[in-house]
Amino acid sequence: MEWLLPEQLSSLHSLLLILAAGTTSAVTACMGIGGGVLLLAIMAVIMPAAAVIPVHGMVQLGSNLNRVIMTLHHVDWRLLAAFAPGALLGAWLASLFLVQLPTSTLQLTIAGFILFLCWGPKIPPMALGRAGTFVAASITTFISMFAGATGPLVAAFVKQQHGGDRFRTVANFAACMSLQHLPKAAVFGAAGFVFKDWLGLMLLMILSGALGTWMGLHLLRRISNQHFTFIFNWLLTLLAIQLIWQALF
């Protein structure tokens, strides 16, 4: 199996990443959020900095697509039709920037929006319509190219769209994140990142993530919508606090 793994990592580190992909996918499938950010943190410790966001994006694309397939009948296609053009616009705008934006500014902005969407007043119906969804997709996709941590913000927005329905929240969050991660291959490939060096590891992490997703969705069936909403909001809040801590300290 070693021929599948990148030369930049030891076999042990690659194995840890494969196991982490499965575990974090299970967390996201069951709790609705958290797995992607946790995986990003693990990858940042183990992998070369230049590879973290592009590889994380492709692994998350595979993981989210698996989740969409397994929850297909809960997907809101009208939401995706509004989200997709915004994701493409955000990715195109990000490709025009040659320098990295201040990470702390991005983190504080994301955290502020998350806390507002979780605990603030409900978003007006107009903001949840096609125009609002387009704008949200554009902004979060743009930021994700630099920070790679917009999942909680997208999750908070999707939660507002679908209230407390746990399966619709999980399914549509996965679908939106798939659309957001998809352009990363083109953007980072054009910027010179060599995906083929990491292809074996990415495929193994995606397969591990598929197993984790299957296990997480089975656990989700045991949780009520009320409990899911409570856990979901507090997980998002903890992730927002973590972003604020990282930005300030």
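Me: Buried means under 20% relative accessible area, exposed over 50% and partly exposed in between, with a 1.4 Å probe and protein chains only. By that scale, is Cys30 buried or exposed?
Reply: This is a predicted model, in which local features need pLDDT of at least 70, side-chain atom pairs count only at pLDDT 80 or more, and totals for chains, interfaces and linings use all residues. Numbering runs from 1 along each chain as its sequence is written, and side-chain values use heavy atoms, with hydrogens and water left out. Because its relative accessibility is 9%, Cys30 counts as buried.

Me: What is the relative accessible area of Cys176, and how many disulfides does the whole structure hold?
Reply: Cys176 is also among the buried residues, with a relative accessible area of 1%. A disulfide would need a pair of cysteine sulfur atoms within 2.5 Å, and the number found by searching the whole structure is zero.

Me: How many helices does the chain have?
Reply: Helices (DSSP runs of H or I, at least four residues) and strands (E, at least two) are numbered from the N terminus. The elements read α-α-α-α-α-α-α-α-α-α from that end; strands number zero, and the helix count is ten.

Me: How far apart are the end C-alpha atoms of helix H3, and how many of its residues are buried?
Reply: Helix H3 covers residues 49-70, and its 22 residues should span 32 Å (1.5 Å times one less than the number of residues), which agrees with the end C-alpha separation of 32 Å. The helix is largely enclosed by the rest of the structure, because its buried residues, out of 22, number 17.

Me: What percentage of the chain's residues count as buried?
Reply: Looking beyond H3, the chain has 249 residues. Of these, the share that counts as buried is 55%.
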